[in-house]
Amino acid sequence: MIDFFPILGFDHLEFYVGNAKQSASFYATLFKFTNTAYRGFITGNRKVSSYVMEQGDIRFVLTTALSSEHPIASQVFKHGDHVGVIALAVPDAVHTYQHVIARGATGAIPPTIAEDDYGVLHYAAIHAFGDVLIKFVDRQNYRGIFAPEFQPQTGVQDKRGVGLQAIDHVVSNVELGAMDRWVQFFADTMGFQLLVQFDDQAISTEYSALMSKVMQNSSGQIKLPINEPAIGKRKSQIQEYLDYHQGPGVQHIAFSTDDIVTTVSQLRDAGVEFLQVPPTYYENLEARVGKIDESIHQLAELGILVDRDQEGYLLQIFTQPVEDRPTLFFEVIERHGAQSFGEGNFKSLFEAIEREQALRGNL
Ligand code: FE2
């Protein structure tokens, strides 16, 4: 079958932050990313500074504006530190851009060529929800460290990481009533399909609810769940995000690992804070999810959740928000066949976030 919209994978996620130097230190110290490339004053860029952080196949770019006039400065002022760009690796950025524009997407960066001694990088970008851009990057003819004007970082660093391998999925929150519009956008412009959906009956507590639809591309490599708040007695945690992020945006990023017990132990030792799971979650766990390879005692100690679907099981855990606003957080996931999103865990996750939301006085 011909893939009409080939995507090679996530190329990178670019974070717009208030202080990229300190953010780079946070991701290096807590999540054990390696800083591989840099641009800023010393590479001749007088407008922004960026740090490329890598682990496994995951690439983050942390960018800060060097003056208040730069548009990134006002976006950070509004949203706090946030994901500004979801970059997808494609075989042909020009063709991809023309394809999505012809199908109704709004252009943000027209097809652009960046060139240096290491080759040619092609890219273009479109607007998605809120201020988020979706960028298409073709680096097949580029052999440099990341992109022209970036220089490699050669300082002594611990490059072992904690076993984070790839981006499993990137979840976004949009306003009440906007989810279906964005689901349609990904279907129309990029041929994404609905993998699974969760309604407000599936994901609710006594007080609040959310709805979620998971869109994925034809190869299944790119999974983009989209949440919207649902009406409840009190404020949905998605609404809390929208209030503090001041609009739609990326809510969480899931990293895959093949040894979640070791990964999470090392992250905890480094100081990463995870959501608390009530001990009752682990009572009768095996009766709920069947036989698993891991020790339930160890999972309980680390607060790792388990879920099963027809194809297998999965293990997952969620961090606390990584900034003062209750916005962006991370997930670590280990899949044993299961391709789903832990529907059985949605409620425990939802309740765990709601307890934190209540502590913040926002429920
Ligand atoms: Fe997730």
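**Exercise 1. One side of a helix**

Task: Determine which residues of helix α2 are buried, and where they lie around the helix axis.

Solution. Step 1: Helix α2 spans residues 71-79; helices (H or I, at least four residues) and strands (E, at least two) are DSSP runs, numbered from the N terminus. The model is a predicted one, in which local features require pLDDT of at least 70 and side-chain atom pairs pLDDT 80 or more, while totals for chains, interfaces and linings use all residues. Residue numbers start from 1 along each chain as its sequence is written, and side-chain values rest on heavy atoms, with hydrogens and water left out.

Step 2: The buried residues of α2 are I72, Q75, V76 and H79. Here buried means under 20% relative accessible area, exposed means over 50%, and partly exposed lies in between (1.4 Å probe, protein chains only).

Step 3: These residues are on the same side of α2, because their arc around the axis is only 100°. The arc is taken from the directions that run from the helix axis to the C-beta atoms.

Step 4: The elements covering these buried residues include β1 (9-16), β3 (48-55), β4 (58-65), β5 (82-89) and α5 (237-245). After α2 comes G80, with a positive phi near 75°.

**Exercise 2. The surroundings of T63**

Task: Decide whether T63 is buried or exposed, and identify the side chains with which T63 makes polar contacts.

Solution. Step 1: T63 is placed in strand β4.

Step 2: Its relative accessible area is 1%, so T63 is buried.

Step 3: Apart from residues up to four places away in sequence, T63 touches E14, F15, Y16, V17, A20, R39, V48, S49, S50 and I72; a contact means heavy atoms within 4.5 Å. I72 is also one of the buried residues of α2.

Step 4: The side chain of T63 is joined to that of E14 by a polar contact of 2.6 Å, and to that of S50 by one of 2.7 Å. A polar contact is a pair of N or O atoms within 3.5 Å; within protein, one must be able to donate a hydrogen and the other to accept it, and residues adjacent in sequence count only if both atoms are side-chain atoms.

**Exercise 3. The iron site**

Task: Name the protein donors of the iron ion and describe how they are placed in the chain and in space.

Solution. Step 1: The donors are H169 (NE2), H252 (NE2) and E331 (OE), at 2.0 to 2.2 Å from the iron ion. Donors are N, O and S atoms within 2.8 Å of the metal (3.2 Å for Na, K and Ca); water is not among the atoms, so sites may look incomplete.

Step 2: Along the sequence the donor residues follow the spacing H-x82-H-x78-E. H169 in strand β10 (residues 166-173) and E331 in strand β17 (residues 329-336) are 162 residues apart, and the pair links distant parts of the chain. H252 belongs to strand β14 (residues 249-256).

Step 3: H252 is buried, because its relative accessibility is 6%. E331 is buried as well, with a relative accessible area of 1%, and H169 is likewise buried.

Step 4: H252 touches H169 and E331, among others. The side chains of E331 and H169 make a polar contact of 3.1 Å.

Step 5: In UniProt, an unreviewed entry gives the annotation "binding site" to H169, H252 and E331; UniProt positions follow the numbering used here, feature names are shortened, and annotations may be inferred rather than shown by experiment. These residues are spread over 163 residues of sequence but cluster in space, with a largest C-alpha distance of 9.3 Å.

**Exercise 4. Positive phi outside glycine**

Task: State where Q246 and N284 are found and how accessible each is.

Solution. Step 1: Most residues other than glycine have a negative phi.

Step 2: Q246 has a positive phi, near 55°. This residue is in the loop between α5 and β14, and Q246 counts as partly exposed because its relative accessibility is 44%.

Step 3: N284 also has a positive phi, near 55°. N284 is in the loop between α6 (260-270) and α7 (285-289), and at 60% relative accessibility N284 counts as exposed.
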